[in-house]
Each structure stands twice: as structure tokens, then as C-alpha cells.
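Biologist: I would like a close look at a single part of this model, namely one helix together with the surroundings that it helps to form. Please take it step by step and connect it with the pockets and loops that can be reached from there.

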Amino acid sequence: MTGSLKDFLLDHISRSGPMDITTFMAYALGHPKHGYYMTQQPFGADGDFTTAPEVSQMFGELIGAWVVDLWMKMGSPEFILAEGGPGRGTLMADMLRATKKMKGFHDAMEVHLVETSPLLQKIQQEALADYKAVWHPAIDRLPKDRPVIFVANELIDALPIRQLQKTADGWKEVAVYNKGGALVLGLRDFATPVHFDAPEGAVFEFSPARDAFVRQLCKILKAQRGAALLIDYGSEHPEFGSSLHAIHKHSRVDFLEQVDGADLSANVNFSDIKAIAQEEKIAAHGSIAQGTFLQNLGIEARAAMLSRANPDKAEEVEKALRRLTSSDEMGQLFKVMGLMHDASLTPAGF
Ligand code: SAH
């Protein structure tokens with residue numbers, strides 16, 4: 001073994017047989033030695049992809065205002081401000097900076113971050129060095145004694161999916177095979193009955209890992225009160241087809257060929273999240289398009305203010321505004337969903 005992720009996967013498949021997409025994604029992103037998030041610092045212009053908080057400080061500032069508004073509607077309790085999958089820590093740093101002057105807010109909160117990657121945890125600790133914060137490897141480690149306001153941007157898309165494909169012989173599961181030293185996709189039997197039909201060739205995606213995460217989050221909100229804001233790309237009515245893709249240096253690459261050093265993710269199905277929230281008696285708001293959400297929170301006024309304060313940055317601010325909100329950039333592809341313990345409260349922005 002030469003120590004690449006690909007070699008590890010090929011070897012694993014030779015020993016244990018074809019690997020479902022969930023296991024493949026989980027290793028590709030999370031293998032302690034070779035996983036993408038364990039070895040790379042992926043964000044920003046010279047990284048592999050740019051996320052909304054990395055586009056502009058406006059994103060974190062508005063999410064900060066969203067949290068303050070909600071906290072006040074909840075009666076300004078002592079609470080846990082938690083973020084899942086904080087990347088470089090930019091969103092939390094912008095939220096905290098923007099809310100500093102809000103009377104009583106910082107005194108009422110405890111900051112907690114949920115991050116699986118030790119490498120990214122370290123980067124987040126540097127970004128948040130001015131604040132008292134606590135890190136956890138999973139949401140079930142969050143303190144259980146007070147309300148939680150949880151935010152996550154582009155976390156759910158990194159949680160692994162499974163894929164089924166309809167064939168003349170019924171539904172099969174998509175799996176990764178080792179074909180003479182190359183990773184290739186193939187189909188294997190899927191034992192569980194599937195109670196819907198689709199044209200031959202159709203690919204259906206589902207994600208027990210995401211469902212479990214959302215259910216756990218809803219249970220926390222139910223038990224402790226509070227809310228969650230989930231931002232990710234995807235839709236409520238996904239069409240059949242594979243949305244699994246890999247990004248390296250801002251371009252799509254073949255995830256089987258170039259599995260080393262590429263970020264792997266798949267569209268989020270927001271109707272699955274909504275259905276779980278309903279089962280757990282948690283009120284769901286949205287999903288709505290990120291562009292609409294940010295406009296509802298006043299991003300245009302915020303941009304105008306920033307441009308007035310720094311006229312030489314006006315063009316940059318305008319570009320960031322477009323990137324975050326316009327429907328041919330991130331504005332429509334990304335969706336926002338709010339989950340609320342208290343169905344009588346309406347969160348801002350929806
Ligand atoms: N929110 C950041 C980063 C998004 S990338 C931004 O918008 O810039 C996905 C992040 O989720 C990374 O920090 C990754 O290490 C983390 N992550 C992946 N799987 C996770 C899991 N199961 N629990 C918590 N964090 C996870």
C-alpha cells in the first residue's frame with residue numbers, strides 16, 4: 001500500500017467486497033489518515049471550494065442577527081449557541097463579532113462547536129481564540145441543561161448517502177467495486193422491498209446518516225427547547241438521478257478516479273428533513289431559497305451600509321451580494337430550513 005485513500009479503498013474492497021456509497025463517502029471524507037476533511041484545509045479561493053461564510057462577512061452577520069432575534073423571541077434565556085461543521089470557523093466568528101454589542105446576548109450564551117476533524121478543529125480554535133468555546137465530536141455531547149440554538153452551513157451535504165438504481169430486475173444498490181485496480185461503480189442486490197416505481201435506470205438517493213442526525217437534533221430541541229437553522233444545497237423535490245459529486249480546486253472531478261484530495265458531497269433532500277421534524281413534533285420553516293432568506297433578513301441594506309463605510313470595497317461587496325443571493329449563483333441552489341421547538345414562534349427570514 002502506498003498510503004493513498006484510493007489504495008486503501010481498493011484494498012478494502014478486495015478484502016471485504018463491494019462498498020456501498022455510504023461507506024465510500026464516509027471513508028473519503030472521514031478516514032482518520034486519508035479522509036478529505038482530516039487532511040485538507042479545503043475552503044477559500046486557493047482551496048477547493050468557497051462556502052457562503054467565506055464569500056462575505058455579511059452572511060455570518062445576518063445569521064448572527066437571526067439568532068439574536070430568535071433568542072429575544074424565546075425570552076432571552078441562558079442558552080447554547082452551537083454550530084455543526086464549522087469549517088474554518090468564519091461563520092461563528094462573524095456571528096459573534098456582529099452580536100457583541102447586543103445587550104446581554106454574549107453573557108447569556110455558551111459557544112459550542114461540533115466538528116469531527118481534528119485538523120479543522122485546530123483552525124477553528126485559532127479563528128475563535130477571542131471567545132470561550134467548547135468543541136465536541138458529535139451533537140449528542142452538547143450540554144443538556146438549557147436551550148440550544150444550532151446553526152449549520154454545508155454540513156448535511158457531507159453526511160453520507162446511499163443510492164439505489166432501478167433495473168429490469170428491480171431495485172439494486174449502487175456500490176463501488178475494484179476492477180483490476182480501478183474504482184468503478186456497479187450494482188448489487190438490495191434486500192429491503194422498495195414501495196415505489198421509477199423508470200429503468202433511475203437513481204434514488206437516501207441517507208440514513210442524515211436522517212439519524214436530523215432526528216437527534218430534533219430530539220435535542222424537543223428536550224431542551226430551542227431551534228436550528230440548516231443551510232445547504234438541495235431541494236424538497238429532488239428528481240431521480242445521482243447528485244454525488246467531487247470538487248477539487250473549484251472544478252468537478254471524477255470521484256472514483258480522483259478520490260484523493262477532492263471534496264465529496266450530494267444534494268440534501270429537504271422534504272426528508274421536514275418529514276422527520278414532523279414525526280418528532282418540531283415545527284419546520286422553509287425550505288426557502290438562500291437568496292430570499294438573506295433578502296428577508298436585510299442583506300441589501302447591510303451591503304449598502306458596508307459600501308458607504310468603505311467606498312473602495314463597494315464593488316467587492318456588490319459582487320459578494322450577487323454571489324450569495326442571485327439565482328444563477330448560490331441564491332437559488334442553496335436552501336434554508338428552520339426547525340423550532342416552539343411552534344408559536346416565527347423565526348425571521350422565512
Ligand atoms: N460550515 C463551513 C464548512 C462546511 S464543510 C462553511 O460553511 O464554510 C463541512 C464541515 O463539516 C467541515 O468542517 C467538516 O469537517 C465537518 N463535518 C463533516 N462531517 C461531520 C459530522 N458528522 N459532524 C460534524 N462535523 C462534520
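Modeller: What follows begins with one helix and then moves outward to pockets, loops and a second helix.

The model is a predicted one, and the part I have chosen is helix α9, which covers residues 208-224. Its 17 residues reach 24 Å from the first C-alpha to the last, close to the 24 Å expected at 1.5 Å a residue. Which residues of α9 are buried? They are R210, F213, V214, L217, C218, I220, L221 and Q224. Seen down the axis of α9, these buried residues fall within an arc of 155 degrees, so they line one face of the helix. As for what they pack against, the partners of the buried residues are the strands β5 (148-153), β10 (226-235), β14 (268-269) and β16 (334-340), together with the helix α10 (270-279).

The end of the helix deserves its own remark. α9 is followed by R225, which is found in the loop between α9 and β10. R225 has a positive phi of about 70 degrees although it is not a glycine, and with a relative accessibility of 45% it counts as partly exposed.

From α9 one can turn to the largest pocket, since this helix is among the elements that give two or more residues to its lining, the others being α2 (21-30), α3 (36-39), α4 (52-55), β2 (79-84), α6 (90-99) and β5. β5 is also one of the elements against which the buried residues of α9 pack. The volume of the largest pocket is about 670 Å³, and 39 residues line it, of which G85, T116, L155, A158 and L159 lie nearest its centre. The largest share of the lining comes from α2, with four residues. Sorted by class, the lining has 21 nonpolar, ten polar and eight charged residues.

The second largest pocket has a volume of about 490 Å³. It is lined by 19 residues, and those closest to its centre are F49, H245, I247, L333 and F334. At least two residues of this lining are supplied by each of β11 (245-248), β13 (263-265) and α14 (330-333). By class, the lining of the second largest pocket has six nonpolar, six polar and seven charged residues.

Two loop residues can be taken together here, because contact is defined as heavy atoms within 4.5 Å and T50 is in contact with H250. T50 lies in the loop between α3 and α4, and with a relative accessible area of 17% it is buried. Leaving aside neighbours within four places in sequence, the contacts of T50 also include G44, A45, V55, R323 and M330. H250, for its part, lies in the loop between β11 and β12 (251-253). The phi of H250 is near 70 degrees, a positive value in a residue other than glycine, and its relative accessible area of 40% makes it partly exposed.

A second helix can be described in the terms used for α9. Helix α1 (residues 5-16) has twelve residues and reaches 16 Å from its first C-alpha to its last, close to the 16 Å expected at 1.5 Å a residue. L5, F8, L9, L10 and I13 are buried in α1, and the elements that its buried residues pack against are β1 (19-20), α2, β7 (170-179) and β8 (182-189). Of these, α2 is the element that gives four residues to the lining of the largest pocket. α1 is followed by G17, whose phi is positive, near 95 degrees.

A few further positions complete the picture. A303 belongs to helix α12 (residues 299-309) and is buried, with a relative accessible area of 4%. Not counting residues up to four places away in sequence, A303 touches M58, V317 and L321, and its C-alpha atom is separated by 7.0 Å from that of L321, 18 residues apart along the chain. G104, by contrast, lies in the loop between α6 and α7 (105-108) and is partly exposed, with a relative accessible area of 35%. Finally, a cis peptide bond with omega of about 10 degrees joins G286 and S287, and S287 has its place in strand β15 (residues 283-289).

Definitions and conventions: Residues numbered from 1 in each chain as written. Predicted model: local features only at pLDDT ≥ 70, side-chain atom pairs only at ≥ 80, totals over all residues. Heavy atoms only, no water. Expected span 1.5 Å × (residues − 1). Buried < 20%, exposed > 50% of the residue type's maximum accessible area, 1.4 Å probe, protein only. Arc of directions from axis to C-beta. 1 Å grid on protein atoms, 1.4 Å probe; cavity = no way out; pocket = protein on both sides within 12 Å on 5 of 7 lines; lining within 4 Å. Points joined across faces, edges and corners; volume = space filled by probe spheres on them. Nonpolar A, V, L, I, M, F, W, Y, C, P; charged D, E, K, R; others polar.
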